[in-house]
Amino acid sequence: MLKKYQFLWVIILGGSLAVVLGLSWLELPWMANHFGFALPGQGGLPYRITYATRTYVNHATCAHAGWCQTDTQSNPLCWKEADIRQHDNWPLIRIGTITTLFGSPYSLIAKSNASSKRTVIVIYLVFDTNCYVPYALEGGP
C-alpha cells in the first residue's frame, strides 16, 4: 500500500514539473527581455540589457517576442565600424557580456572613456564580425 502512495506522489511531482517547465519554455521571450539574456538563433537578442545598474534598450530587437518593430529602417540592427565612428564613439573597449541560453555569450563594448565615472550613453553588443548592435541608455544620465 505504501508503494502505491509513493508512485502517486512521483506522478504528481513529475506532472507538476512538466507543467512548470512547459510554461517556462513558453515564457522564454518575456524572461529574456526582462532579465536581459539572449536566446539562440536569429532574432534572439533582448530589447533591454543592463550595465552598471542602468538599462539600455534597442526596440529593433525582442528575443522572438513578436511585438517589436519589424521595420528596422529607422533603427538599423547592425552598425558597422564606420557608423560608430560617424557618431564619434570610437575606439571601443570591452565592458562586459550578456549570456545566451545554450550558446556563447555576446560581448558588450563602449567608447573607451566608459571606464571613467561618466555614464555611458550607448553600448554595443558584438553580434558578428563588424556587426555591432547599439543599445541606448533608457531615461537620462
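**Strand pairing, helix 2 and a nonpolar patch**

Strand 3 (residues 92–100) pairs with strand 4 (residues 103–111) in the antiparallel sense, over 7 bridges. The model is a predicted one. Within this pair, Ile93 lies opposite Ala110 of strand 4. The two strands make a hairpin, with 2 residues between strand 3 and strand 4. Phe102 sits in the turn and has a positive phi of about 60°.

Strand 4 also has strand 5 (residues 122–128) as a partner. These two strands run antiparallel and are joined by 3 bridges. Here Ile109 of strand 4 faces Tyr124 in strand 5. In a regular strand, side chains alternate between the two faces of the sheet.

Helix 2 spans residues 28–35. Its buried residues are Leu28, Pro29, Ala32 and Asn33. Viewed down the axis of helix 2, these buried residues fall within an arc of 130°, so they line one face of the helix. Gly36 comes just after helix 2 and adopts a positive phi of about 75°.

A nonpolar patch lies on the surface. Its area is about 560 Å². Tyr5, Leu8, Trp9, Ile12 and Leu13 make up this patch. Leu8 is placed in helix 1, which covers residues 2–26. The relative accessible area of Leu8 is 45%, so Leu8 counts as partly exposed. Residues enter such a patch with over 30% relative accessible area.

Note on methods
Residues are numbered from 1 along each chain as its sequence is written. This is a predicted model: local features need pLDDT of at least 70, side-chain atom pairs count only at pLDDT 80 or more; totals for chains, interfaces and linings use all residues. Side-chain values use heavy atoms; hydrogens and water are left out. Patches are made of residues with over 30% relative accessible area and no salt bridge: like charges are joined within 9 Å, nonpolar side chains (Val, Leu, Ile, Met, Phe, Trp, Tyr) within 5 Å. Accessible areas come from the Shrake-Rupley method with a 1.4 Å probe; for residues, only the protein chains shown count as cover. A salt bridge is a side-chain nitrogen of Lys or Arg within 4 Å of a carboxyl oxygen of Asp or Glu. Helices (H or I, at least four residues) and strands (E, at least two) are DSSP runs, numbered from the N terminus. Buried means under 20% relative accessible area, exposed over 50%, partly exposed in between (1.4 Å probe, protein chains only). Two strands pair if DSSP finds at least two bridges between them. The arc is that of the directions from the helix axis to the C-beta atoms.
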